[in-house]
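Colleague: I would like a close look at one part of this protein. Please take me through the nonpolar core, and then show me how the rest of the chain fits around that picture.

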Amino acid sequence: MTPKQRKFCDEYIKTGNATQSAINAGYSKKTAYKIGAENLRKPQIKKYIDSKLKDISNNAIATAEETLGILTKIVRGEHTEQVITAEGDVIDKHPDTNQVIRASSEILKRYPLVQDININGNLKVSNPFENLTEEELRALASREGEA
């Protein structure tokens with residue numbers, strides 16, 4: 001890839017406009033539309049742009065692991081935030097009970113089976129339809145379709 005093509009790619013990532021990116025990269029205004037379209041069809045240019053956009057996305061969006069890590073710190077009381085007291089002092093405040101409960105709830109949403117296990121470690125699964133006959137199930141299903 002030439003330096004001019006790389007400049008085109010970097011400009012395209014910023015603007016999303018192939019013609020303007022070609023002009024900004026130093027191509028002629030007369031040929032910018034054509035060059036921009038051609039450049040976007042070139043495999044090495046497409047690969048470079050896709051790679052850069054993926055890097056930007058990976059750095060901009062929190063991962064599930066990061067999010068769970070923050071929630072875990074809140075639950076454990078390890079996460080603090082700075083607040084200003086009525087006297088004007090800045091202090092580090094640990095999460096209150098409601099914040100811990102909300103963070104715990106968010107973690108448990110990702111691991112729903114944990115909520116269904118009792119203290120003995122037994123898992124109880126109930127099926128409200130287990131005692132119905134096939135005919136009763138069909139009748140129930142047809143009523144659901146009418147609603």
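Modeller: I will start with the chain as a whole, move to the core, and then visit a few other places.

Keep in mind that this is a predicted model. The protein chain has 8 helices and 2 strands. Along the sequence, the pattern reads α-α-α-α-α-β-β-α-α-α. Of the 147 residues in the chain, 14% count as buried.

Now the core. Which residues make up the largest nonpolar core? There are 11 of them: Phe-8, Cys-9, Ala-18, Ala-22, Ala-25, Tyr-27, Ala-32, Ile-35, Ile-45, Tyr-48 and Ile-49. Helix 1 (3–15), helix 2 (18–24), helix 3 (32–41) and helix 4 (43–60) each give two or more residues to this core. Helix 4 gives the most, with 3 residues. There is a general trend to set beside this: in soluble globular proteins, nonpolar side chains tend to be buried together.

Zoom in on Cys-9. Set aside its neighbours within four places in sequence. Cys-9 is then in contact with Met-1, Ile-45, Tyr-48 and Ile-49. Ile-45, Tyr-48 and Ile-49 are also on the list of core residues.

Contacts can also be counted for the whole chain. Take those with a separation of 6 or more. Residues 24 or more positions apart account for 35% of them.

Next, the strands. Strand 1 (residues 81–84) and strand 2 (residues 90–93) run antiparallel, joined by 4 bridges. Gln-82 stands opposite Asp-92 in strand 2. The hairpin has 5 residues between the strands, and Gly-88 takes a positive phi near 95° there.

Another glycine, Gly-69, sits in helix 5 (residues 64–76). Is Gly-69 buried or partly exposed? Its relative accessible area is 31%, so Gly-69 is partly exposed. Gly-69 and Ile-107 are 38 residues apart in sequence, yet their C-alpha atoms are 9.7 Å apart in space.

Last, the surface. The accessible surface of the chain comes to about 11,600 Å², and 53% of that belongs to carbon and sulfur atoms. Phe-129, Leu-132 and Leu-137 make a nonpolar patch of about 240 Å² on the surface. Phe-129 lies in the loop between helix 7 (113–116) and helix 8 (134–146). Why does Phe-129 count as partly exposed? Because its relative accessibility is 42%, and partly exposed runs from 20% to 50%.

Technical notes: Residues numbered from 1 in each chain as written. Predicted model: local features only at pLDDT ≥ 70, side-chain atom pairs only at ≥ 80, totals over all residues. Heavy atoms only, no water. Patch = residues over 30% accessible without salt bridge, like charges linked within 9 Å, V, L, I, M, F, W, Y side chains within 5 Å. Areas by Shrake-Rupley, 256 points an atom, 1.4 Å probe, with all protein chains shown as cover. Salt bridge = Lys/Arg side-chain N within 4 Å of Asp/Glu carboxyl O. Buried < 20%, exposed > 50% of the residue type's maximum accessible area, 1.4 Å probe, protein only. Pairing = 2+ DSSP bridges. Core = buried A, V, L, I, M, F, W, Y, C linked by side-chain atoms within 4.5 Å. Contact = heavy atoms within 4.5 Å.
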